[in-house]
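Work through the exercises below with the sequence and the model side by side. Try each task before reading its solution.

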Amino acid sequence: MTENLTDDTRYRAVDSRDARFDGVFFTAVRSTGIYCRPSCPAVTPKRVNCTFYPTAAAAQGAGFRACRRCRPDSVPGSPEWNHRADLVGRAVRLIGDGVVDREGVSGLADRLGYSARQLQRQLSAELGAGPIALARAQRAQTARLLLQTTELPVTEIAFAAGFSSVRQFNDTVREVYDRTPSGLRAEANGHRPGAVTAGQIGLRLAYRGALDADHLLDFLALRAVPGVEEVVDGGRPGVRTYRRTLALPYGNAVAEVDGLAPGDRSDRGWLDCRLQLTDLRDLTTAVHRLRALFDLDADPDAVDGQLGADPVLGQLVRARPGVRSPGHVDPHELAVRAVLGQQVTVAAARTLAGRLAEKYGRPLAEPNGGLRLLFPTAAALAQAAPEDLAMPEARKRALRGLCAALAEGAVRLDAGVDREVAAAELLALPGIGPWTVGYLRMRALADPDVFLPSDIGVKHGLLRLGHPGDPKAAAVAGAAWAPWRSYAVHRLWASLTPAGRENGPEALRGTVVDGESGSERA
């Protein structure tokens, strides 16, 4: 989507109010002093008055305030920064996770292996704003969310959003929104999210294009670790809700994300979410991780456009537009679950993960529905007793070795790591082979172009489509799906799950449906 964009094509997107470009760029209007998302419903400004910026932070830095009609600060993230593996892409993901607020610019630079000056120069050149400005824009959005969805005192909101002082908070809100904090809060009176109980924060997770929510919920439900996560009936007829616990930098949380109802448009643009946080400073991080889990910053038009034209996958794309590539909320948890899933069914891996969570997970202060536990840390599992690991000896060694490497920092899987470096470090560990590395690249490292030619789910998916499923033939077919091969894998896996809730993942319990039962031999 971002390739070959000129100011003229950007203006045409604005003139047609094309929501596909929301978050890809922002339009600043000199005559009004505001900046908007491309799909803003206001009268299209004259071309001569428009300046285009790659980020909201860049527009704010140039002196423009956010439009009150289209709320450009609440758009999905750019798919370019979501998937790019270079310095800028990794930096944006770490800033989104709140690293600048917690560790400062120097901490961000250390994680990326660059000097603070190099980092500032690269981000400013590509994004029009440095790390401090990007983090400031994020704080402003968090502050608006808390002001308009909670009754918390303004002073508490200031520090929860990451500001170092109330004065800095007040000045930023006025600059970004042209409103005082109390004025911004008053705008939301009578428009607060429904179905939110005391202690919860209700918000909408924005996305672009079509979204196959059933695929996401089927995928997560099949793998839901008892006590840690669950998929239950939601508050509206026909809606399912994904619920899970989150371990966050300052505390923990219980998160709920609603799917779509049968009558909802797949491109309506948001999923309803509710969060219960033990520390409000974790709000930004929690939202960022849920967005990654549901792959909400993806560009489904670009993905489906290419895969839909393929003679092998085209029928799957036409039948189910908007399939996403689910990510994670904790890369260490995902790594553990990938190893647990080697050479067993998804159901068996889920059962084993549940047992480990019961033994080594930290309990919530109070159970919340079916949620009682935080998933065990890598450090805790590295010391797990052999009798608690009901698996072959080779896989026990692989699991404990992986957990020790993660706990010690010998292997990193955070958003700022170089994918090639992480892959090499993983492959060097005993018992970790190409399938596990590929699965972790796809989900933990947000790589959109991973293919698993030896995966049993890929094999059966191809066979159902009348295509040879052996690894060599699969690799040949997969070459045409770059750079979206991760999405192709998910489409092949999804093709093995009957569409519709009544024949959804529960009907496949105990069966091999994807790469978590893949052909790992290491």
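**Exercise 1. Find the residue of S8 that stands opposite Thr 241, then describe how S7 and S8 are joined.**

Solution. Step 1: Thr 241 faces Asp 258 in S8. Step 2: S7 and S8 are antiparallel, with seven bridges. Two strands count as paired if DSSP finds at least two bridges between them. Strands are DSSP runs (E, at least two residues) and helices are runs of H or I (at least four), numbered from the N terminus. Step 3: the link from S7 to S8 is a hairpin through four residues.

Two notes on the source apply throughout. This is a predicted model, where local features need pLDDT of at least 70, side-chain atom pairs count only at pLDDT 80 or more, and totals for chains, interfaces and linings use all residues. Residues are numbered from 1 along each chain as its sequence is written, and side-chain values use heavy atoms, with hydrogens and water left out.

**Exercise 2. Give the order of the five strands in the open sheet that holds S8.**

Solution. Step 1: start at S8 and go to strand S9 (residues 270-277), its antiparallel partner over five bridges. Val 254 has Gln 276 of S9 as its bridge partner. Step 2: S9 also pairs with S5, antiparallel, over six bridges. Here Leu 203 is matched with Cys 273 in S9. Step 3: on S7, add strand S6 (residues 229-233), antiparallel over five bridges. Val 231 stands opposite Tyr 242 in S7. The S6-S7 hairpin has six residues between the strands, and its Gly 238 has a positive phi near 80 degrees. Step 4: the order reads S5-S9-S8-S7-S6, with antiparallel pairing. Strand S5 (201-206) and S6 are the edges; each has a single partner strand, so one side of each lacks a neighbour in the sheet. The twist averages 25 degrees from one strand to the next. Angles run from 0 to 180 degrees between N-to-C directions, with axes fitted to C-alpha atoms, for helices over the stretch in contact. H11 packs on this sheet, touching S6 and S7, at about 55 degrees to S7. Contact means heavy atoms within 4.5 Å.

**Exercise 3. Are the faces of S8 covered or uncovered?**

Solution. Step 1: apply the cut-offs (buried is under 20% relative accessible area, exposed over 50%, partly exposed in between, with a 1.4 Å probe and protein chains only). Step 2: on one side, Asn 252, Val 254, Glu 256 and Asp 258 are buried. Step 3: on the other, Ala 253, Ala 255 and Val 257 are buried, so both faces are covered. Step 4: seven of the seven residues of S8 (residues 252-258) are buried, so the strand is largely enclosed by the rest of the structure.

**Exercise 4. Which elements do the buried residues of H20 pack against?**

Solution. Step 1: nine of the 10 residues of H20 are buried, so the helix is largely enclosed. Among them are Trp 435, Tyr 439 and Arg 443. Step 2: their packing partners are H11, helix H12 (283-293), H15, helix H19 (419-427) and helix H23 (485-494).

**Exercise 5. In what order do the four strands of the mixed open sheet run?**

Solution. Step 1: strand S1 (residues 26-29) is antiparallel to S3, joined by four bridges. Thr 27 has Phe 52 of S3 as its partner. Step 2: the order is S3-S1-S2-S4. Step 3: helix H1 (residues 7-15) lies across S1 and S3, at about 100 degrees to S3.
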